[in-house]
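User: Hi! I'd like a close look at a single part of this model, please, with the cut-offs spelled out as you go.

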Amino acid sequence: KMTLIKEESKNRFKALLKNPTVLVLVILIFIALFIFIVYPLIKVFQTSFTDSNGNFSLEVYKTVFKSGYIRQGFYNSILVAVLTAVIGTFLGFLYAYAINRAGLPFKRFFKAVALMPMVFPPFIGALSIIMLFGFNGLITAGIFGVRNFPVYGLWGLMIAQTISFFPVAFITLDGVISTISPTLEDAAFNLKANRLQVFFKVILPLSVPGIASTMLVLFIESLADFGNPLILAGSRFPILSVQAYLQITGMFDLKSGAAMAVWLLLPSLIAFILQKYWIGKKKYITVSGKPTTSSIKSVSPFAKWLLFLFVLLVSLFILLIYVIIFFGAFSKIWGMNNTLTLENFRYVLDVGIESIKDTLTLALTSTPISAVLGMIIAFLLVRKVFPGKRIMEFTSLLSFAVPGTVIGIGYILAFNNKPLLLTGTLTILVLNFVFRYIPVGIQSGMALLNQVDPAIEEAAYTLGADDRTVFGKVTLPLIIPAFFSACVYSFVRSMTAISAAIFLVSANWNLMTVQILSQTDSGRLSEACAFSVILILIIFAFMGILKLFLKNKVSLINGQR
């Protein structure tokens with residue numbers, strides 16, 4: 001067996017040598033992945049395990065572990081991540097099940113609303129929770145007359161985290177449930193099973209791999225989140241990502257910050273490996289003919305309207321978050337003087353115009369680079385054979401598992417000295433965004449390429465086209481939807497970035513999210529809402545323009561065919 005493996009490796013290497021373009025591309029991508037993903041993580045570990053003289057030492061960890069406050073921050077981070085994973089997955093599954101199996105009216109509307117939190121700026125969930133449940137909150141103080149609701153701490157943070165990551169759960173589980181053939185339920189009903197038995201014996205078991213994967217993804221996302229905890233955690237409920245940030249920016253203690261980053265990184269990596277290489281391989285496949293619609297409804301009329309009420313309440317709460325932010329943006333002083341005014345937007349355009357320009361520049365620069373690089377890596381992983389393919393896949397997706405705080409600290413440590421002195425420049429922010437957000441492009445590209453018949457590309461090679469021509473003229477046009485998804489994701493994340501970027505901003509380059517944080521810390525909630533509204537409008541405008549471009553491009557390709 002070992003001889004066969006060695007022989008296969010030799011054959012792969014020989015095939016790679018015969019194609020110099022692919023060889024150079026593979027080498028360059030490996031170098032880039034090492035420098036901008038692996039190397040910063042190595043620097044984090046190296047810094048945390050050395051003393052001031054550069055010798056190996058565990059002194060920093062001993063100091064950190066002795067602090068009960070920091071230990072509590074770690075426990076709280078795990079607690080919030082677990083609760084977010086469980087509650088978010090439960091709500092996402094129920095919502096997806098209602099959409100796919102209950103025959104609800106207005107399904108397209110409910111699906112659209114479920115995706116809206118994906119374009120929340122990082123603090124918008126926290127801001128809206130304060131404005132709804134805070135001391136002068138619309139719901140607590142305004143409706144129920146309660147002014148002491150514990151909005152700062154576990155309860156407020158859980159509401160914000162759950163609603164922020166709900167779309168991730170819904171998208172995954174909607175795909176899982178929608179692919180389960182209704183004929184399986186029909187067969188169970190024909191065998192005299194009741195609705196509960198069908199749910200627990202058919203739907204739920206077939207959904208288990210998707211549910212487990214969703215829980216691990218939400219665990220990683222919540223553990224890595226920085227925006228909501230920074231606003232809502234408070235001093236009485238420490239969160240480790242916030243503590244690491246404060247240790248570096250407040251105490252100027254890079255070693256302790258690096259040690260906390262390692263402490264935060266380990267559970268994220270474990271969850272990522274479980275999700276990618278264990279749960280991700282466990283899938284049930286149902287084989288059937290043409291898709292059919294179940295003639296027997298999976299839920300009773302009573303359950304249908306109960307699920308409709310649940311979906312309606314979730315959707316209304318999501319819309320309420322947007323409404324409250326927009327209303328706050330036009331309020332003179334939220335909670336004290338709700339007179340409508342445009343002064344907040346004048347203030348934003350006066351004080352924050354440079355941050356708006358900087359954010360747009362960074363997003364528009366990094367988005368196409370990230371999307372194209374994601375498509376190239378996906379193309380190599382699916383269509384080419386070369387040594388180290390699995391290493392490239394794992395490394396390129398690794399940035400998804402690494403909390404933004406860890407990435408930010410790693411970039412400070414890695415690129416603060418010559419010959420890679422990039423701190424404070426546009427370059428370091430662009431590189432951070434590019435390599436932080438390529439995983440979605442890679443995954444989308446791989447999924448679509450696996451559906452494209454390789455014979456189409458082989459025909460182009462037969463006609464004398466080289467790799468660059470085949471990729472640019474054949475492959476890329478066929479995976480435009482994946483390219484569109486990568487562009488949207490990269491742009492949205494670049495516009496709303498905070499966890500890693502907050503370590504990298506400088507006097508020359510600032511971000512709108514940092515301005516939102518600054519306004520919130522100063523108690524200027526209305527001004528923070530105005531920044532958020534402008535940010536949301538820019539994102540929706542970009543998505544509309546890109547969708548129109550995609551539609552025209554697809555029409556052009558179809559016309560050429």
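In which helix does L316 lie, and what surrounds that part of the picture?

Analyst: Happy to help! This is a predicted model, where local features need pLDDT of at least 70 and side-chain atom pairs count only at pLDDT 80 or more, while totals for chains, interfaces and linings use all residues. Residues are numbered from 1 along each chain as its sequence is written, and side-chain values use heavy atoms, leaving out hydrogens and water.

L316 lies in helix α14, residues 301–329 (helices are DSSP runs of H or I, at least four residues, numbered from the N terminus). With a relative accessible area of 45%, L316 is partly exposed (buried is under 20%, exposed over 50%, partly exposed in between, with a 1.4 Å probe and protein chains only). Together with F302, L306, L309 and L313, L316 forms a nonpolar patch on the surface, and the five have about 530 Å² of accessible area. Patch members have over 30% relative accessible area and no salt bridge, and nonpolar side chains are joined within 5 Å; a salt bridge puts a side-chain nitrogen of Lys or Arg within 4 Å of a carboxyl oxygen of Asp or Glu. Areas come from the Shrake-Rupley method with a 1.4 Å probe.

Now for confidence, or pLDDT, which the predictor gives each residue from 0 to 100. The protein chain averages 84, and 91% of the residues score at least 70. Helix α1 (residues 2–17) has the lowest mean among the elements, 54, and helix α4 (residues 68–101) the highest, 93. Over residues 284–291 the pLDDT is below 50, and this stretch has eight contacts beyond near neighbours in sequence (contact means heavy atoms within 4.5 Å).

Notes
Patch = residues over 30% accessible without salt bridge, like charges linked within 9 Å, V, L, I, M, F, W, Y side chains within 5 Å. Helix = DSSP H or I, 4+ residues; strand = E, 2+ residues; numbered from the N terminus.
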